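Here are a few notes to read alongside the model. Have it open on your screen and follow the points one at a time.

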Amino acid sequence: MIGVIATSFYAIDQATLYYLFKSEAQKDFETAKTIIASHQPFEAPVPEQMGPHNSSASLDFGLRGSNPEKAPEIISPSWKLPYAKAVSVTQALAEQFHELELLVVNVPGRPLAVYPRNMTRSRVNQILSDPKAYEAWHAALKSGEQEIYTNFDWFEWKIPEFGTIIPYVNEENRVRGGFIFFTKPKLSTIVFLDTIAFGSAFAFLLVVVVALTSIMFAWKGLHDRWKTSKTIRFLAHNDPLTHLPNRAVFSDELNKALRKASITASNVYVIAIDVDKFKEVNDNHGHAAGDTFLQIISDRLRLVFTEHLVSRLSGDEFAVMIEGDYTRHDITVLAQRALATTNTDCVIDNKEIRISLSMGIAQATDAAWRSSRLLHCADLALYRSKNGGRSIYTWYEASMDEELQRRRELETEMIRALKQDGFSVVYQAQVGLADNKLKAFEALLRWVHPEKGRISPEIFIPIAEDTGLIEALGEYVLKKACADAASWSDPSLKVAVNFSPAQFKSGLIEQKITEALEESGLAPERLEIEITESLLIADTTSVVKSLRKIGDMGVSIAMDDFGTGYSSLSYLSRFPFNKIKIDRSFIMNIGKDAHTDAIVAAIIGLGRSLDVLITAEGVEDEMQAQILRAGGCDIVQGYYFGKPANVDPQNPHANIRCRLGEDETMQVESAQSV
């Protein structure tokens with residue numbers, strides 16, 4: 001910095017000296033030029049004095065060598081400076097300038113006269129051999145204009161001297177000679193000192209400005225770097241959306257708490273929290289609303305768990321760590337408070353959105369617990385909460401590990417069974433009550449494990465839906481049912497296939513149905529797909545669009561488990577279903593409970609009004625069948641008419657309680673097969 005300041009002072013003072021003396025020299029040189037031009041000092045030679053040799057002469061300045069460029073014209077070196085004119089020029093200059101040096105040279109560069117007359121030969125040679133004077137002389141001859149030169153050097157601390165070359169140009173615009181002129185500027189000591197003082201002050205101000213600017217830019221750069229570093233540190237430890245600590249911080253703090261607990265024998269709890277149906281919030285209200293929704297949830301969690309670590313682990317997953325002398329009762333109270341915060345809906349863009357949280361709680365019971373193990377146990381309890389109805393909390397139990405292990409084993413076995421054709425499809429009859437004739441079969445998936453035996457669909461279907469295997473299973477059932485139905489001898493029989501909401505997520509359901517029909521050769525009118533209300537809740541717009549395309553193909557569509565949802569009637573108004581299936585939970589109490597009878601009668605009446613077929617599931621005895629027949633139900637399905645079994649392609653009516661054409665003989669499944 002000191003070197004920069006010193007260099008700046010030196011450079012500015014040098015520049016000040018240079019321009020000060022140059023400006024004074026320029027004034028004097030202009031005056032001298034005017035005086036010389038007014039006296040017209042050169043005379044043309046007499047013709048006979050001109051020799052026969054008219055070639056151009058080269059200019060020779062002492063030891064500098066000859067000019068590589070030719071003179072601007074062929075001119076004789078015999079141009080003269082008459083004595084009288086020389087005297088008049090020097091007198092005029094002497095009257096104007098007290099101290100001056102003047103050399104008069106002809107075009108070849110030979111001196112014709114000097115002033116003062118006592119100028120020594122060494123001084124003349126010094127002037128003529130100066131490289132800068134040499135360059136200025138050639139430039140003046142070429143341009144015909146005055147040229148100024150100086151001995152100024154940035155690296156020498158001295159008062160600069162200036163000289164000028166004044167070419168003499170006649171009326172024909174030809175250079176006839178020139179003058180090399182020097183004079184000392186008329187600068188007083190005060191002016192000189194003032195100039196140096198001004199230059200020093202300017203240098204000081206410039207250095208101050210540069211220093212302040214450098215400091216400002218340096219500070220800005222350091223400030224920006226500090227802010228960037230701070231932002232990077234924040235993002236490395238916090239969630240950018242909710243500003244809660246992230247998974248890395250939570251895991252680190254949990255490890256510290258567990259190490260501390262192993263020494264102090266204190267308690268450590270982890271509460272895993274998941275936002276129920278968060279995808280629906282994003283799908284129905286947009287991702288911006290979803291982000292705001294998560295921020296509102298994080299704020300409410302902060303209010304409940306003020307003294308504890310609340311973290312956002314991933315998209316809609318949060319976790320809370322509680323350490324210290326807290327009991328299970330204390331943790332339960334905190335969990336209940338957290339659930340109580342969801343009682344009030346949040347309002348985003350003037351839309352009320354319901355909040356639902358599921359929680360799983362785990363406690364480190366000894367010093368051997370690790371953070372990953374504790375989080376895993378909390379996740380297991382959370383999974384139980386989500387399967388148990390959501391918006392609840394569940395404490396971890398050791399049996400949950402065994403359940404998870406069984407699920408993983410079943411998942412592996414399901415994959416193997418799909419590859420090795422370990423699944424099978426059976427069919428349950430659907431009989432018309434009006435004519436007691438067989439109308440259709442419902443395809444039902446079965447799995448008989450070679451070691452574990454028969455595994456209920458209520459066990460493996462939810463696992464398939466969670467793991468994504470349901471699409472492969474659904475496609476298997478669809479193709480198998482279509483192929484079997486195409487082989488039945490009675491072409492009037494339809495086959496019904498259940499579809500999971502997960503099968504509609506890919507958006508290829510119409511294509512898969514078309515492929516199954518084409519491969520089997522089954523007429524579209526003989527296929528019926530059954531969907532549940534949960535499918536429509538997931539994504540009403542896209543699902544209804546797909547259902548309309550399927551209906552246009554000629555495939556029938558039935559709403560299964562009607563009456564178990566809270567908005568089934570609204571979906572009936574949005575899409576014209578071909579059939580409504582009354583859930584078995586109503587049929588099992590029919591004839592025993594007046595309220596149930598009224599509900600069933602209302603559903604049947606609704607079907608008549610909408611011109612939709614009504615099917616009752618779970619008919620187990622003759623009384624139920626008679627009540628439904630009397631109420632006007634169209635089709636029944638249940639063990640009373642036939643259990644799920646394989647269908648004989650040549651005799652699909654076998655073992656079904658139904659009428660065969662004109663023969664009213666009832667074919668009932670034998671007691672042995674039952």
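**Notes on the cavity, the rings and some odd spots**

1. Let's start inside. The largest cavity has a volume of about 50 Å³, and keep in mind that this is a predicted model. The structure holds one cavity of 30 Å³ or more.

2. Which residues line the largest cavity? Going along the chain, they are Glu 471, Gly 474, Glu 475, Leu 478, Phe 499, Gln 503, Ile 509 and Lys 512. Two elements give two or more residues to this lining: helix H13 (470-487) and helix H14 (509-520). H13 gives the most, with four residues. As for chemistry, the lining splits into three nonpolar, two polar and three charged residues.

3. Stay with H13 for a moment. This helix has 18 residues and spans 26 Å from its first C-alpha to its last, close to the 26 Å expected at 1.5 Å a residue. Its buried residues are Ile 470, Leu 473, Gly 474, Val 477, Leu 478, Ala 481, Cys 482, Asp 484 and Ala 485. When you look at that list, it helps to remember a bit of helix geometry. With 3.6 residues a turn in an α-helix, residues three or four places apart point the same way.

4. Now for the aromatic rings. There are 12 aromatic pairs in the whole structure. One of them is Phe 29 with Phe 181, an edge-to-face pair at 6.0 Å centre to centre, with 80° between the planes. The pair links distant parts of the chain: Phe 29 sits in helix H1 (residues 2-39) and Phe 181 in strand S5 (residues 175-183), 152 residues apart. Phe 29 and Phe 181 are both buried. Add Phe 97, and Phe 29, Phe 97 and Phe 181 form one aromatic cluster.

5. Next, some backbone checks. Most residues other than glycine have a negative phi, and most peptide bonds are trans. Have a look, then, at the bond from Tyr 115 to Pro 116: this peptide bond is cis, with omega near 0°. You'll find Pro 116 in the loop between strand S2 (111-115) and helix H3 (121-128).

6. What is phi of His 243 near? The value is near 65°, which is positive in a residue other than glycine. His 243 lies in the loop between helix H5 (189-237) and helix H6 (247-264). Its relative accessibility is 47%, so His 243 counts as partly exposed.

7. Ser 391 is another one to check. Its phi is near 55°, again a positive value in a residue other than glycine. The residue lies in the loop between helix H10 (371-387) and strand S12 (393-395). Ser 391 is classed as partly exposed because its relative accessible area is 25%, and buried would mean under 20%.

8. Last stop: Ser 456. Where is it placed? Ser 456 is in the loop between strand S15 (453-455) and helix H12 (457-467). A polar atom of the Ser 456 side chain lies 3.2 Å from the backbone nitrogen of Glu 458. Looking back along the chain, Ser 456 and Arg 446 are 10 residues apart, and their C-alpha atoms are separated by 7.5 Å. With a relative accessible area of 30%, Ser 456 is partly exposed.

Methods
Residues are numbered from 1 along each chain as its sequence is written. This is a predicted model: local features need pLDDT of at least 70, side-chain atom pairs count only at pLDDT 80 or more; totals for chains, interfaces and linings use all residues. Side-chain values use heavy atoms; hydrogens and water are left out. On a 1 Å grid over the protein atoms alone, a cavity is a set of points where a 1.4 Å probe fits but cannot get out, and a pocket is an open set with protein on both sides within 12 Å along at least five of seven lines; lining residues have an atom within 4 Å of a point. Grid points are joined across faces, edges and corners, and a volume is the space filled by probe spheres set on the points. Ala, Val, Leu, Ile, Met, Phe, Trp, Tyr, Cys and Pro count as nonpolar, Asp, Glu, Lys and Arg as charged, and the others, Gly among them, as polar. The expected span of a helix is 1.5 Å times one less than its number of residues. Buried means under 20% relative accessible area, exposed over 50%, partly exposed in between (1.4 Å probe, protein chains only). A polar contact is a pair of N or O atoms within 3.5 Å; within protein, one must be able to donate a hydrogen and the other to accept it, and residues adjacent in sequence count only if both atoms are side-chain atoms. Rings of Phe, Tyr and Trp (its six-membered ring) pair if their centres lie within 6.5 Å; planes under 30 degrees apart count as stacked, over 60 as edge-to-face and the rest as tilted.
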